[in-house]
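Subject: Structure for you to look at

Hello,

Here is the structure I said I would pass on. Please open it first and keep it in view while you read the notes below.

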Amino acid sequence: SGAIIRYTLDGSQPSVASPILSPSLMLSETTVFRARSFSETMLPSETITRTFVIGAASDLPIASLVTTPRNLWSETDGIYVNKSIATRKEWERHGTLELFNLDDRNDFSIPVDYRLFGRTAIYLPQKSFAIFPDKTLEYPLFPGSDVNTFGSFILRSGSDDWDNMMCSDPMQQLLMSRHMNIETQ
């Protein structure tokens with residue numbers, strides 16, 4: 001009671017300087033929405049993070065990794081900045097991961113830590129992320145697999161096939177899994 005809800009649309013953490021949420025807020029394009037309540041007599045609430053996917057048709061699930069922009073783009077703190085990328089690869093940041101499947105529902109929204117993943121792919125424009133959920137994720141990430149519990153997993157970028165069709169790695173994994181009795185990614 002008496003709290004004010006403030007929000008951001010750029011992925012940053014809402015603060016007392018952020019706009020006050022209005023019932024008339026309208027979204028017309030895919031947007032990351034973060035909200036937090038503030039009161040003079042209490043600590044700020046937890047931040048609620050939601051990605052609204054609007055007008056984006058996809059034949060694949062959509063993963064939305066939401067974080068404060070500084071965590072990615074800052075020259076001093078960002079892990080997506082190419083300067084000293086080999087060092088930045090070891091830096092871990094915090095965010096929220098949301099997954100949307102083909103039926104347009106939000107399957108989960110979980111707090112995660114993440115860092116860059118790969119040896120050579122970190123030098124490419126689109127990078128892979130290793131994802132570490134705050135709690136074990138119980139969700140069927142890979143249809144047809146018996147594994148539904150994850151302490152970590154990787155959001156892959158297409159790696160070294162980035163500037164081509166980005167299907168080399170998945171195709172090889174599929175061929176191996178269908179014709180050999182070995183573990184694949």
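I will begin with one sheet. Strands S1, S2 and S3 form an open sheet in that order, with antiparallel pairing. Its edge strands are S1 (4-8) and S3 (48-52), each of which pairs on one side only. On average, neighbouring strands of this sheet are turned by 25 degrees against each other, if direction is ignored. Please bear in mind throughout that this is a predicted model.

Strand S2 (residues 31-38) and S3 run antiparallel and are joined by five bridges. If you want one place to look, find Arg34, which stands opposite Thr49 in S3. As background, strands of a sheet pair through backbone hydrogen bonds, and the pairing is either parallel or antiparallel.

Now for the chain as a whole. The protein chain has three helices and 10 strands. Read from the N terminus, its elements run β-β-β-β-α-α-β-β-β-β-β-β-α. The C-alpha atoms fill a box of roughly 65 × 40 × 30 Å along the principal axes. The chain has 185 residues, and 32% of them count as buried. Take the contacts between residues at least 6 apart in sequence: 42% of these join residues at least 24 apart.

Next, strand S7. Is this strand enclosed or open to the outside? Five of the six residues of S7 (residues 128-133) are buried, so the strand is largely enclosed by the rest of the structure. S7 pairs with strand S10 (residues 153-155) in the antiparallel sense, over three bridges. In that pairing, Phe129 has Leu155 of S10 as its bridge partner.

Leu155 turns up again in the largest pocket, which holds about 2000 Å³ of space. The pocket is lined by 44 residues, and the closest to its centre are Leu141, Phe142, Ile154, Leu155 and Arg156. Which elements supply at least two residues each to this lining? They are S4, helix H1 (69-73), S5, S10 and helix H3 (168-179). H3 gives the largest share, with five residues.

Two single residues are worth setting side by side. Ser64 is found in strand S4 (residues 62-66), while Glu90 lies in the loop between helix H2 (85-88) and strand S5 (93-100).

Is Ser64 buried or exposed? A residue counts as buried when its relative accessible area is under 20%. Ser64 has a relative accessible area of 11%, so it is buried. Its side chain makes a polar contact with the side chain of Thr51, at 2.7 Å. Leaving out residues up to four places away in sequence, Ser64 touches Thr51, Thr96, Leu97, Glu98 and Phe100.

For Glu90, the cut-off that matters is the one for exposed residues, which is over 50%. Glu90 has a relative accessible area of 56%, so it is exposed. Glu90 and Tyr114 are 24 residues apart in sequence, and their C-alpha atoms are 10.0 Å apart in space.

To find your way around, I suggest starting at Arg34 and Thr49, which stand opposite each other. Then go to Phe129 and its bridge partner Leu155, and from Leu155 to the centre of the largest pocket. Ser64 and its side-chain contact with Thr51 can come last.

Regards

Notes
Residues numbered from 1 in each chain as written. Predicted model: local features only at pLDDT ≥ 70, side-chain atom pairs only at ≥ 80, totals over all residues. Heavy atoms only, no water. Buried < 20%, exposed > 50% of the residue type's maximum accessible area, 1.4 Å probe, protein only. Helix = DSSP H or I, 4+ residues; strand = E, 2+ residues; numbered from the N terminus. Pairing = 2+ DSSP bridges. Axes fitted to C-alpha atoms, helices over the stretch in contact; angles between N-to-C directions. Polar contact = N/O pair within 3.5 Å; in protein donor to acceptor, adjacent residues only side chain to side chain. Contact = heavy atoms within 4.5 Å. 1 Å grid on protein atoms, 1.4 Å probe; cavity = no way out; pocket = protein on both sides within 12 Å on 5 of 7 lines; lining within 4 Å. Points joined across faces, edges and corners; volume = space filled by probe spheres on them.
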